[in-house]
Amino acid sequence: MSGKATIGIVGARGHVGTELIKLICGHPQFDLAYVSSRERAGHRVAEFEPAYLGELRYSAPALEDIPALGADAVVLALPNGKAAAYVAAFDFADVDPVIVDLSADFRFDPQWYYGLPELTRAKHAGQRRISNPGCYATAMQLAVAPMREFLDGPVQCFGVSGYSGAGTTPSDKNDPGKLLDNLMPYALTGHVHEREVSARLRHPIEFMPHVAPHFRGLTITANLHLRTAFDRDAVRARYREAYASEPLVRVVDDAPWVSGIAGRHHVDIGGFTLSEDGHRLVVVATEDNLLKGAATQAMQNLNLAFGFDEFAGIPLDAHAEAA
Ligand SMILES: NC(=O)C1=CN([C@@H]2O[C@H](COP(=O)(O)OP(=O)(O)OC[C@H]3O[C@@H](n4cnc5c(N)ncnc54)[C@H](OP(=O)(O)O)[C@@H]3O)[C@@H](O)[C@H]2O)C=CC1
Ligand SMILES: CC(=O)N[C@@H](CCC(=O)OP(=O)(O)O)C(=O)O
């Protein structure tokens with residue numbers, strides 16, 4: 001036994017589960033307890049993840065058998081709508097690990113801590129049930145929050161994501177053939193992330209998502225109407241000040257490109273462009289949807305829940321470069 005805290009991943013074959021396995025492999029204080037996948041059951045983790053050096057194999061335990069597997073923390077990396085039954089199984093068995101749910105299922109549940117640490121870490125009061133924000137929702141909140149008190153009317157967010165955002169269950173949104181030379185609009189009103197961001201910022205956000213032919217990384221272009229006129233220097237100063245001590249949020253001058261964010265753990269925010277009268281601001285944010293949009297954020301939340309350094313096990317290369 002390693003003496004490390006142990007994590008079980010339910011839904012470990014998926015895009016996000018795979019990224020979490022990589023992060024846990026490099027983490028000084030966490031170890032894998034179990035990884036579930038029906039499709040890969042019986043296969044060694046090392047077959048799929050070269051960074052994993054142990055003997056663990058994927059397994060497909062019945063839902064009611066999972067609580068007895070005994071991890072200190074459980075990450076639910078399942079499609080939306082599937083998490084509640086697993087949480088109920090832990091309740092029924094009276095087993096209470098830290099649970100991090102990556103889906104949208106508990107993001108509106110006040111019993112759960114909503115873990116977007118840069119904006120909510122002060123509200124983590126030891127809760128063991130943690131809801132991880134949506135990928136677009138993370139980028140939108142970080143892009144808008146520094147100007148929140150000056151907003152005048154709804155914020156419009158145009159989003160474009162790589163198709164890994166749509167998971168592995170086959171659909172038009174992750175079909176490379178249908179995406180070739182294409183940009184696919186979907187859920188143009190009422191997307192769950194529109195509701196999530198509006199509720200968290202307590203301000204209406206209008207979100208128009210699209211999926212594009214690249215695999216990973218998303219862009220949010222946010223259009224903010226402001227009560228007070230700003231100039232570019234004042235806006236940049238606000239963002240720099242808001243995120244000065246945040247290693248996973250990098251404020252840049254130019255509008256960031258999604259090609260520069262794939263595989264990185266931070267969010268880039270920049271491109272601050274104002275209308276002539278200073279009352280309209282456009283801000284661009286890029287993020288790897290599988291990392292800060294999901295797995296990296298889950299790792300921040302796990303670190304916080306266990307009292308570890310929030311950034312333990314997260315490569316902070318972007319911070320080092322920015323310094
Ligand atoms: N992809 C992204 O960019 C982001 C995703 N999220 C959220 O994270 C979660 C995981 O996403 P992602 O990794 O993309 O999803 P995937 O579709 O890639 O993976 C889903 C995983 O769940 C398992 N699974 C699927 N259906 C069931 C079921 N009925 N019962 C048990 N296991 C099941 C699959 O494994 P197997 O079939 O082998 O059992 C697989 O491991 C989702 O809730 C998603 O909304 C959040 C932020 C970003
Ligand atoms: C391209 C694509 O389909 N993206 C997903 C976002 C992935 C994510 O963050 O989803 P959850 O809120 O479901 O966790 C979507 O729009 O639903």
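Ala, Val, Leu, Ile, Met, Phe, Trp, Tyr, Cys and Pro count as nonpolar, Asp, Glu, Lys and Arg as charged, and the others, Gly among them, as polar. With that in hand, the shell around ligand 1 splits into ten nonpolar, 13 polar and four charged residues.

This is a predicted model, where local features need pLDDT of at least 70, side-chain atom pairs count only at pLDDT 80 or more, and totals for chains, interfaces and linings use all residues. Residues are numbered from 1 along each chain as its sequence is written, ligands are numbered from 1 in the order in which they are written, and side-chain values use heavy atoms, with hydrogens and water left out.

Let's start with ligand 1. It has 27 residues around it, and the closest include Arg13 and Asn289 (a residue is near if one of its heavy atoms lies within 4 Å). Domain 1 (5–133 + 293–322) and domain 2 (135–289) both give residues to this shell, so ligand 1 lies between them; the bounds come from an automatic or database domain assignment.

Now ligand 2. Its shell has 13 residues, with Arg107, Lys173, Tyr186, His191 and His193 nearest. They divide into five nonpolar, six polar and two charged. Domain 1 and domain 2 each supply at least three residues.

Here are some polar contacts (pairs of N or O atoms within 3.5 Å):

| Ligand atom | Protein partner | Distance |
|---|---|---|
| Ligand 1, oxygen | His15, backbone | 3.0 Å |
| Ligand 1, oxygen | Arg38, backbone | 2.8 Å |
| Ligand 2, oxygen | Asn80, side chain | 2.7 Å |
| Ligand 2, oxygen | Tyr186, side chain | 2.6 Å |

Terms used
A polar contact is a pair of N or O atoms within 3.5 Å; within protein, one must be able to donate a hydrogen and the other to accept it, and residues adjacent in sequence count only if both atoms are side-chain atoms.
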